[in-house]
Amino acid sequence: MIGTKGIVTAVNGNMVSVRFDGIVSMNEVGYVKVADKRLKSEVIRIRGEISQLQVFEITKGISIGDEVEFTGDMLSVELGPGLLGQVYDGLQNPLPQLAQATGFFLERGVYLDALPVSNMWQFTPKAKPGDKVERADTLGTVPEGSFTHRIMVPFNLFGSYTVSWIKPAGSYNIRETIAELKDEKGDAIPVTLSFRWPVKRAINCYEERLKPTEPMVTRVRLIDTFFPVARGGTYCIPGPFGAGKTVLQQITSRFADVDIVIVAACGERAGEVVETLKEFPELKDERTGRSLMERTIIICNTSSMPVAAREASVYTAVTLAEYYRQMSLNVLLLADSTSRWAQAMREMSGRLEEIPGEEAFPAYMESTIASFYERAGIVRLRDGGLGSVTIGGTVSPAGGNFEEPVTQATLKVVGAFHGLSRERSDARKFPAIHPLDSWSKYKGIIESEKVAYAHGFMRRSAEVEQMMKVVGEEGTSIEDYVIFLKGDLIDSVYFQQNSFDEVDAAVKPERQKYVFAKLLFILGSIFTFTDKNEARTWFNKLRQKFLDYNGSKWKSERFDTLETEIESAVKSQSKGLDKTAEKIIY
Ligand SMILES: Nc1ncnc2c1ncn2[C@@H]1O[C@H](COP(=O)(O)OP(=O)(O)OP(=O)(O)O)[C@@H](O)[C@H]1O
Ligand SMILES: [Mg+2]
């Protein structure tokens, strides 16, 4: 079939208007031909015989009358073995290879194979001739790093099929036909190790969606204990410029208890992205002892690439995440930053001259953001297995104002909110997640009444601190002052976590629970001091010991010694527990 052709009638930044002859559909891919190059574009509006396309490349040189070829295909990605460890741009071009092919100033109009064609994969068939299969059913497997990659019936094959033949165990590349299916009409459909899927359509080959209940441990205390994230859930990290959004996501990508991590660096500074790229292959995944990169995919659109590609990178990332979920794996998708994506939406909407909503963002921004986060979820697959996609996105509101539209739209749909505070990052209290403003709807690793008790302390402590600013330390009662000191203790030894300390950077749930119990005992203890000076000195000493305790290896000799010292200090000062503490501790 010959595709529809068109002619450029106007160019406006990254958007071109095209008069076409034939049939064109929304989100279809078209190529604008300029000189000897073909620039990838996507149809974003159709009005009569004129369509608007967003061009994923720099539009320099495009002029009126240039030819456009429509492909009839939606913007899609290739799914198959070999995705893990890759660094892609938003259009799934492998960036290292692209740089090799065109030099460091990436040339436009060059599109490479997303998956290495020369790789041979050790295939083991699971289905046999005569088997009845549906989309996403497993035909066989290949090993990919430490995972068993399922070779599935392509997701776009709706209806039921019969396996005509399947290749025996052996090594094949992604272009070889490894099986043939027969549809109900008797037509033969060849299947290879890979297939394509449109990025804007959620992959929904599962039996049912479940409620996210199990915590996805990040090893960041403030998250796991106080503002937990569930497997298959969603969360957002809004924070002003430089408050630690990217660092927090990097820590999470290393330590989160998931199988696969997909990082979508969207509109971030190139330098930061390069840093991640250099660091990752050298880091070890402690579960497998192999390079962390083997279970990671990075989709990277730096701020210097055209804005339209930002949108593509977000959708590409979530589609890859859903693909691995179909293999009964737990996937974490980290998007940094969704504000840059929203800005790209705003820019395009402006070019389309749509009626602007708040702060000139398009009115549909809210539903676009919602439908992106809705692609997260824990699902029961048809074979009974579970798989999950968890999505965490950063938001960078101008001036750190959380009332702005992107933060507000995100807050409506996510299950947890980790708001970073300028005040805390300026004071170098990291992670700068605000302990009072943040929230989570998910269940964490510690009983909720214990967490609520500690959180209540934090609130009271903050109130006392505010009051002290007005009336001074002298005007504060010793009881209130002790509350303030207790709050200050949890903040220093539990909320803050030193990401550069080998031990403290990542704390396993077992240790979090153990240490939290010690802390709860201190919070619940009734202490009497003769004066504030004595109280302050005592708490200062305790805090220092606790910090050393946090820095010592779990259950090491030093850990035990410090614990004994902390316990005896607390015991000799405590006059028993308050009533609430007694109830929740015992
Ligand atoms: N957990 C942490 N521990 C120690 N230092 C940190 C931590 N988080 C952030 N920082 C410090 O803050 C700096 C800025 O952090 P980061 O780049 O993550 O901010 P950001 O919110 O992503 O900024 P931007 O809005 O510019 O993207 C880091 O370079 C580092 O010095
Ligand atoms: Mg950042």
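Good morning. I begin with strand β9, residues 121–125, which runs antiparallel to strand β14, residues 170–172, and is joined to β14 by three bridges. Within that pairing, Gln-122 faces Ser-171 of β14. Strand β9 has another antiparallel partner, strand β11, which spans residues 138–144, and two bridges connect them. Here Thr-124 has Thr-141 of β11 as its bridge partner. I should state at once that this is a predicted model.

Let me stay with the strands for a moment. There is an open sheet of four strands, with antiparallel pairing, in the order β10-β13-β15-β16. Its edges are formed by β10, residues 132–133, and β16, residues 188–191, each of which pairs on one side only. The link from β10 to β13, the latter covering residues 161–166, is antiparallel and consists of two bridges. In register terms, Val-133 sits opposite Tyr-161 of β13. As background for viewing such sheets, side chains in a regular strand alternate between the two faces of the sheet.

A further set of pairings involves β23. Strand β18, residues 208–210, and strand β23, residues 377–380, run antiparallel and are joined by three bridges. Arg-209 has Val-379 in β23 as its bridge partner. Strand β23 also pairs with β24, residues 386–395, again in the antiparallel sense, and this pairing has four bridges. Arg-380 is placed opposite Leu-386 of β24. What lies between the strands of this hairpin of β23 and β24? There are five residues between them, and Gly-384 adopts a positive phi near 95°.

That brings me to backbone geometry. In general, most residues other than glycine have a negative phi, and most peptide bonds are trans. Which residue that is not a glycine has a positive phi of about 65°? The residue is Asn-27, and Asn-27 belongs to the loop between β2 (15–21) and β3 (28–34).

Two peptide bonds also deserve attention. The bond joining Asp-336 and Ser-337 is cis, with omega about -5°. Ser-337 is located in the loop between β22 (330–336) and α6 (338–351). The bond from Phe-430 to Pro-431 is likewise cis, and its omega is near -10°. Pro-431 lies in the loop between α9 (422–426) and β26 (439–440).

I turn now to the ligand. Fifteen residues surround ligand 1, and those that come nearest are Gly-242, Lys-245, Thr-246, Val-247 and Ser-499. Which element contributes the largest share of this shell? That element is helix α3, residues 245–255, with three residues. By class, the shell comprises six nonpolar, four polar and five charged residues.

Several backbone atoms approach oxygen atoms of the ligand. A polar backbone atom of Val-247 lies 2.8 Å from an oxygen atom of ligand 1. For Gly-244, a backbone N or O atom is 3.0 Å from a ligand oxygen. For Ala-243, the distance from a polar backbone atom to an oxygen of ligand 1 is 3.2 Å. As for burial, ligand 1 on its own has 630 Å² of accessible area, of which the protein covers 79%.

My last topic is internal space. Rolling a probe the size of a water molecule over the atoms shows where empty space is left. How many cavities of 30 Å³ or more does the structure hold? The structure holds four. I shall describe the second largest, whose volume is about 50 Å³. Its lining includes Lys-40, Leu-75, Ser-76, Val-77 and Gly-90. Leu-91, Gln-92, Val-199, Ala-312 and Thr-316 are also among the lining residues. Which elements each supply at least two residues of this lining? They are β7 (76–79) and α5 (308–325). By class, the lining of the second largest cavity divides into five nonpolar residues, four polar and one charged.

To close, I return to two points for anyone opening the model. At the ligand, the contact from Val-247 places a polar backbone atom 2.8 Å from an oxygen of ligand 1. In the backbone, the cis bonds to inspect are the one joining Asp-336 and Ser-337 and the one from Phe-430 to Pro-431. Thank you.

Conventions:
Residues are numbered from 1 along each chain as its sequence is written. Chains are lettered from A and ligands numbered from 1 in the order in which they are written. This is a predicted model: local features need pLDDT of at least 70, side-chain atom pairs count only at pLDDT 80 or more; totals for chains, interfaces and linings use all residues. Side-chain values use heavy atoms; hydrogens and water are left out. A residue is near a molecule or strand if one of its heavy atoms lies within 4 Å of it. A polar contact is a pair of N or O atoms within 3.5 Å; within protein, one must be able to donate a hydrogen and the other to accept it, and residues adjacent in sequence count only if both atoms are side-chain atoms. Accessible areas come from the Shrake-Rupley method with a 1.4 Å probe; for residues, only the protein chains shown count as cover. Ala, Val, Leu, Ile, Met, Phe, Trp, Tyr, Cys and Pro count as nonpolar, Asp, Glu, Lys and Arg as charged, and the others, Gly among them, as polar. On a 1 Å grid over the protein atoms alone, a cavity is a set of points where a 1.4 Å probe fits but cannot get out, and a pocket is an open set with protein on both sides within 12 Å along at least five of seven lines; lining residues have an atom within 4 Å of a point. Grid points are joined across faces, edges and corners, and a volume is the space filled by probe spheres set on the points. Two strands pair if DSSP finds at least two bridges between them.
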